[in-house]
Amino acid sequence: MDTSASIFVSIASYRDPELLPTLKDMLRQAANPENMHIAVCWQDDQPLDVFNRAGFIPEGQRTVQELNVAAFRYRQARIDIITVHYFSSQGACWARSRAESLYEGEHYFLQIDSHCRFIPDWDSEMILMLKQLSKLSPLPIISSYPPAYTPGEDEESSKKTYVSRPTFREYNEQGIPMFGSVSFDASQPVRGSYLAAGFIFTLGEFVRTVPNDPQIFFAGEEIAMAVRAFTYGYDVYHPHKPLLWHFYQRDEHNKVWGDHNDQAKSQGEIEKAWWERDRISKKRVRTLLGLENEPLIDPGPYTTGNQRTLKQFEFQTGLWLRNGTALPEVIENEKISYFAVPPDDENAWRERHRAFYRKTLTLNASEYVCDEAETDVLYINVYSKQNELLYKRMLDLVELSALRAASGSNTLALELQFKTASQVKPSVIRLGKWSNNAGWGTVTEEAW
């Protein structure tokens, strides 16, 4: 193995039929598969001979840190399979952490999901890109949400050609930033702030410096990893060309939250339901982001570094985490996620912040039908606790009819989106119905 080009690949796979096709495509498309050491945390209930039948050559089994590891060889690459029954899973980052335990000092690190496809010579392309970025940063990371593919007969034609960069979308109910993405065109990688957990490529030492926190279940893993990487001195870049593809529409595939439910817990198949782990996980992420008043009892190696601060991360991203707000250019059309220069005046920076709110409003017929008469206009107003109007919208008869046609029932789903000054929060939604024939109907309201 060429140690200067060796790549440690970490894959968390949960009952995923795409795992084997992913491994095969990865190694078939690699320029130097002999330089690969692939570690898979395989959360399943199938026998190991599925790998034998797929053409993987078994090379024995061993125990590593109490983990059962089956070794295989395929196209000269080393493949270590950590076998775990899916009821023993504790979430995505727990599985990633298990895979990382098999790291052996390889020069590069790649983290992906178990449903991917790759461009030809992807390994050489990633290494070359990272080397070029090392002229700009001592610790570069390549990461993005890869373009989509769909497995099946039309798989090749399904592969999209866009590239995208992660952007802030909203704060969830726990105040944790959640991400979306926007496409971009560029002739070289663009600087960013956020990591996409399904594709991270960087120097191998990242595994030891910023290891996955096994207690983070799923939601929040990307912001937690991005903050930790930033504070350890890493810089994120988003590739300007496709390097791999990702399968996003997986509705028919098994998920941990489908298996790890209350019924499975009551039957003794699992120790905790998924939502119990998720609750613990989100509190852990909130603590990392400075949103909890009490520190973690035992953060272990999963805390922030000392190269840069959380405040510097906020300045770079335009987010004010504790306040749950963002700069206007972060949440509006520009979707900026990287500010190269910190603000000259922090108070002026804070004054520019806005809170962004998003809610799907579900309306029953009684809320939009005007006392048996046709509703000509539905008024939707959102107020603060101080009865300050924050948002208003009017739906005329044409829009209401279109919503009813789209829903196929008397229940309407309406997306509300707006921003407010940073200290003002929505409290109540009031609905007013106007009929040209009957006048005002009953005004209804519900809590935000």
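**Figure 1. A look into the largest cavity of this predicted model.** By class, nine nonpolar, two polar and one charged residues make up the lining of the largest cavity. The space inside comes to about 60 Å³. Going round the wall, you meet Ser-144, Tyr-145, Pro-146, Pro-147, Val-163, Ser-164, Phe-199, Pro-239, Lys-241, Pro-242, Leu-243 and Leu-244. The model has three cavities of 30 Å³ or more.

**Figure 2. The second largest cavity and its charged residues.** This one holds about 40 Å³ of space. Its lining consists of Asp-213, Ile-216, Arg-228, Arg-284, Leu-288, Leu-296 and Tyr-302. Sorted by class, that gives four nonpolar and three charged residues, with no polar ones.

**Figure 3. The largest pocket, with about 960 Å³ of space.** The lining takes in 36 residues, and those closest to the pocket centre are Arg-96, Asp-113, Phe-218, Glu-221 and Trp-257. Several elements chip in with at least two lining residues each: strands S1 (7-14) and S10 (177-183), plus helices H3 (92-100), H7 (221-231) and H8 (256-259). Split by class, the wall has 17 nonpolar, ten polar and nine charged residues.

**Figure 4. Zooming in on Asp-113 and its partner Arg-96.** Asp-113 belongs to strand S6 (residues 108-113). Its relative accessible area is 14%, under the 20% cut-off, so Asp-113 counts as buried. The side chains of Asp-113 and Arg-96 are joined by a polar contact of 3.2 Å. Both residues also turn up among those closest to the centre of the largest pocket.

**Figure 5. The second largest pocket, with about 610 Å³ of space.** Here 19 residues form the lining, and Tyr-171, Asn-172, Glu-173, Gly-175 and Tyr-357 are the ones closest to the centre. Two elements, strand S9 (164-171) and strand S17, give two or more residues to this wall. S17 gives the most, with four residues. As for chemistry, the lining divides into seven nonpolar, six polar and six charged residues.

**Figure 6. Tyr-357 again, this time with its ring partner Phe-418.** The two rings sit 5.7 Å apart, centre to centre, with 35° between their planes, and the pair is classed as tilted. Tyr-357 comes from strand S17 (residues 354-363) and Phe-418 from strand S20 (residues 412-421), so the pair ties together parts that are 61 residues apart in sequence. Both Tyr-357 and Phe-418 are buried. Tyr-357 is also one of the residues closest to the centre of the second largest pocket.

**Figure 7. An edge-to-face pair made by Phe-315 and Trp-349.** The structure holds 26 aromatic pairs. In this one, the ring centres are 5.0 Å apart and the planes stand at 90°, so the pair is edge-to-face. It links distant parts of the chain, with Phe-315 in helix H11 (residues 310-317) and Trp-349 in helix H13 (residues 346-351), 34 residues apart. Phe-315 has 13% relative accessibility and counts as buried. Trp-349, at 6%, counts as buried too.

**Figure 8. More rings: one cluster and two arginines placed over ring faces.** A single aromatic cluster brings together Phe-8, Tyr-103, Phe-109, Phe-206 and Tyr-234. Elsewhere in this view, look for Arg-191, whose charged end sits over the ring of Tyr-237 at 5.6 Å from its centre. Arg-308 lies over the face of Phe-230, 4.2 Å from the ring centre.

**Figure 9. Asn-436, out in a loop.** The loop in question runs between strand S21 (428-435) and strand S22 (439-440). Asn-436 has a relative accessible area of 56%, over the 50% cut-off, so this residue counts as exposed. Its side chain makes a polar contact of 3.0 Å with the side chain of Trp-434. Glu-374 is 62 residues away from Asn-436 along the chain, yet their C-alpha atoms are separated by 8.2 Å.

Note on methods
Residues numbered from 1 in each chain as written. Predicted model: local features only at pLDDT ≥ 70, side-chain atom pairs only at ≥ 80, totals over all residues. Heavy atoms only, no water. Phe/Tyr/Trp six-rings, centres within 6.5 Å; stacked < 30°, edge-to-face > 60°. Buried < 20%, exposed > 50% of the residue type's maximum accessible area, 1.4 Å probe, protein only. Lys NZ or Arg CZ within 6 Å of the ring centre and 35° of its normal. 1 Å grid on protein atoms, 1.4 Å probe; cavity = no way out; pocket = protein on both sides within 12 Å on 5 of 7 lines; lining within 4 Å. Points joined across faces, edges and corners; volume = space filled by probe spheres on them. Nonpolar A, V, L, I, M, F, W, Y, C, P; charged D, E, K, R; others polar. Polar contact = N/O pair within 3.5 Å; in protein donor to acceptor, adjacent residues only side chain to side chain.
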